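Dear colleague,

Please find below the sequence and structure that I am handing over to you. My findings follow directly after them.

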Amino acid sequence: MGRRTGVPWVLVIAVAALVLALDQATKAWALRALAGSGPLTVIPGFFDLTLSRNTGGVFGLFSGAPSLGRRAFFVAATAAAMIAWSIGESLLKGKPSMLGAASGAVAGLVAITPAAGNVGVGGGLVIGLIAGFACLWGVSGLKRLLGADDSLDVFGIHGVGGIVG
């Protein structure tokens, strides 16, 4: 079997880490984030639980390849959707939020799940980018357009993300 070519998953993680490091480099942002430290304590556990479940849990039992390298499309879609949501939120509201980044990550995971095993890292990046922007629209525009009472943004993220996937 030939080796798959594409974007190495390490590069995707490095870009996401660089974006996060540049964002945290601003001292004022760090002080504001520590003032309401609820998201700072919840979000790392969320990513650990979600990524370990999606990359080694359910799918790892049946595929015989439990390594993260074989499931790099999950990481790629999550990072791409998180970045897309943050960019979209910056354009709409003037600055991104940590809750928005977490919502983007969920959107990426929701959108890549239907395509699990059928796409590589490049496909995960594309699906994640589309899902990030589409779910942001679902939460901010579609909910208002439909007049829906969706306080937890379930349809905006899971419904639109599942349709994108």
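A residue is called exposed when its relative accessible area is over 50%, and buried when that value is under 20%. Please bear in mind that the model is predicted. Leucine 145 has a relative accessible area of 67% and is therefore exposed. This leucine 145 is located in helix H6.

Leu145 also belongs to a nonpolar surface patch, together with Trp137, Leu146, Phe155 and Ile163. The accessible area of these residues together is about 620 Å². Two or more residues of the patch are contributed by each of helix H6 (121-146) and helix H7 (154-164). H6 supplies the largest share, namely three residues.

In soluble globular proteins, nonpolar side chains tend to be buried together. Turning to the interior, the largest nonpolar core of the model has eleven residues: Trp85, Val106, Ala107, Val110, Ala134, Cys135, Leu136, Val139, Leu142, Ile157 and Val160. Helix H5 (98-112), H6 and H7 are the elements that give two or more residues to this core. Here, too, the largest share comes from H6, with five residues.

Within this core, valine 139 may merit your attention. When neighbours within four places in sequence are left aside, valine 139 is in contact with Trp85, Asp153, Gly156 and Ile157. Another core, of ten residues, lies apart from the largest one; Ala77, Leu109, Ala115 and Ala131 are among its members.

With kind regards

Notes. Residues numbered from 1 in each chain as written. Predicted model: local features only at pLDDT ≥ 70, side-chain atom pairs only at ≥ 80, totals over all residues. Heavy atoms only, no water. Patch = residues over 30% accessible without salt bridge, like charges linked within 9 Å, V, L, I, M, F, W, Y side chains within 5 Å. Areas by Shrake-Rupley, 256 points an atom, 1.4 Å probe, with all protein chains shown as cover. Salt bridge = Lys/Arg side-chain N within 4 Å of Asp/Glu carboxyl O. Helix = DSSP H or I, 4+ residues; strand = E, 2+ residues; numbered from the N terminus. Buried < 20%, exposed > 50% of the residue type's maximum accessible area, 1.4 Å probe, protein only. Core = buried A, V, L, I, M, F, W, Y, C linked by side-chain atoms within 4.5 Å. Contact = heavy atoms within 4.5 Å.
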